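Got the viewer open? Here's a short tour, one selection at a time.

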Amino acid sequence: MTIKLAIDCMGGDHGVSVTVPAAISFLSSHDDAEMLLVGKPDAIEAQLKKLHASGNPRVRVVAATEVVEMDDPVEVALRRKKDSSMRVAVTQVKEGLADACISAGNTGALMAVSRYVLKTLDGIERPAIATQIPNEKGSGTTVLDLGANADCEPEHLLQFARMADAMVSVVEHKEHPTVGLLNIGEEVIKGNEVVKRTGELLRASELNFHGNVEGNDIFKGTTDIVVCDGFVGNVTLKSTEGLAKMISSMIKEEFTRSWFTKLLAGVAMPVLASLSRRLDPARYNGASLLGLRGLVIKSHGSADAHSFEWAIKRGYDAAKNGVIARISKAFADKSGAAGAVPGGAQPPQPDRPDAHPSTHAA
């Protein structure tokens, strides 16, 4: 099975200088992948020439004349820039030409465009942003929502949990992943009314609900999945990123203070290297926009080629493991409704802008 990935080459802080090298590097280690490089052809071709990748049979350039800038309002991306590399890349998924779209562009714009073009799966009211945060077990804790929905009802949080359960089950091969509800304490009586009601719904559901968890449980790996609203999730994500950078900076500073600490650094280097790999934000780059009728992966806007390649891998893994089909089936089983068509091909949709939730950069 060939996995076709649409890359928004113009998105992010660095555009083609990052996205194209990352795509070509990914192809070198994945024989079953093909790339649709979406953006301004001249800029993409220039990068391909630098990489000696012109004429690669597994690469196709898809033209787009506009670029969604990182500071563009959602309305501009959605209504004015209809031939942007972001929108054209997402459209490749809708039309069944690609199995997933990967973009480092403006998060709010990407969510709005993706929701408008792809629509949501049956039974899902709001898409959510999910990613992994490294934990002390050497793996990652899947956390959602990370900023797509600042205000949620309990039913929305239950839907987020079901979507994450379906994704983790197939991508990480955990048939019954554990689910935690982020709260200010483990006790059932703690939290606001939304959290308390969500806990009741999760306990009554078919999910493997562990119970309430606190922020430090994300890093402990207490549960495979942690659910929260987008406001809390976005704050958590940004705090985690800041913590990882601070630890890395402190280690570098401490081991350059004197000849003695430099000597200690040499002795401790294997341990430090292992710690650095586990905390490396690049390994966890790539957040999934769950709940849509197609796969869309959001990379950090400031990602370098190495980091963006990890985001491509997330899209590849999700497509290869049939995440959309699994989520669709999970909701069809609960509602009795027919699921969406997996693999990107979609039934005809009315051409009208959907109302979209308030979105924050993830």
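Which side chain meets Glu175 in a salt bridge? Select Glu175 and Arg326: their side chains meet at 2.8 Å, N to O. Keep in mind as you click around that this is a predicted model.

Now zoom out a little and look at where the two partners come from. Glu175 sits in the loop between H6 and strand E7 (178-182), while Arg326 belongs to helix H12 (residues 323-335). The pair links distant parts of the chain, 151 residues apart. Switch on the surface and you'll find Glu175 partly exposed, at 48% relative accessibility. Arg326 is partly exposed too, with a relative accessible area of 27%.

**Next stop: helix H7**

Select residues 193-204, which make up helix H7. Start with Glu193 and Lys196, whose side chains form a salt bridge of 3.8 Å, N to O. The two are 3 residues apart, about one turn of the helix. Glu193 is exposed, with a relative accessible area of 59%, whereas Lys196 counts as partly exposed at 27%.

Stay on H7 and pick Arg197 and Glu200. Here the side chains meet in a salt bridge at 3.0 Å, N to O. Once again the partners are 3 residues apart in helix H7, separated by about one helical turn. Both are partly exposed: Arg197 has a relative accessible area of 38%, and Glu200 has 42%.

For a salt-bridge network, select Glu172, Lys174 and Asp224, which are joined into one by bridges that share partners. How many salt bridges are there by this count? The tally comes to 11.

**Over to the negative patch**

Select Glu125, Asp151, Glu153 and Glu155 and colour the surface by charge. These four gather in a patch of negative charge on the surface. Click on Asp151 to get your bearings: this residue lies in the loop between strand E6 (140-144) and helix H6 (154-171). Is Asp151 buried or exposed? With a relative accessible area of 64%, Asp151 is exposed, because anything over 50% falls in that class.

**Last stop: a buried serine**

Hide the surface and select Ser85, in helix H4 (residues 85-94). Ser85 is at 1% relative accessibility, so it counts as buried, the cut-off being under 20%. What does the Ser85 side chain contact? Show Asp8 as sticks as well, and you'll see a polar contact of 2.5 Å joining the two side chains.

Note on methods:
Residues numbered from 1 in each chain as written. Predicted model: local features only at pLDDT ≥ 70, side-chain atom pairs only at ≥ 80, totals over all residues. Heavy atoms only, no water. Patch = residues over 30% accessible without salt bridge, like charges linked within 9 Å, V, L, I, M, F, W, Y side chains within 5 Å. Areas by Shrake-Rupley, 256 points an atom, 1.4 Å probe, with all protein chains shown as cover. Lys, Arg positive; Asp, Glu negative; His and termini not counted. Charge placed at Lys NZ, Arg CZ, Asp CG, Glu CD. Helix = DSSP H or I, 4+ residues; strand = E, 2+ residues; numbered from the N terminus. Buried < 20%, exposed > 50% of the residue type's maximum accessible area, 1.4 Å probe, protein only. Polar contact = N/O pair within 3.5 Å; in protein donor to acceptor, adjacent residues only side chain to side chain.
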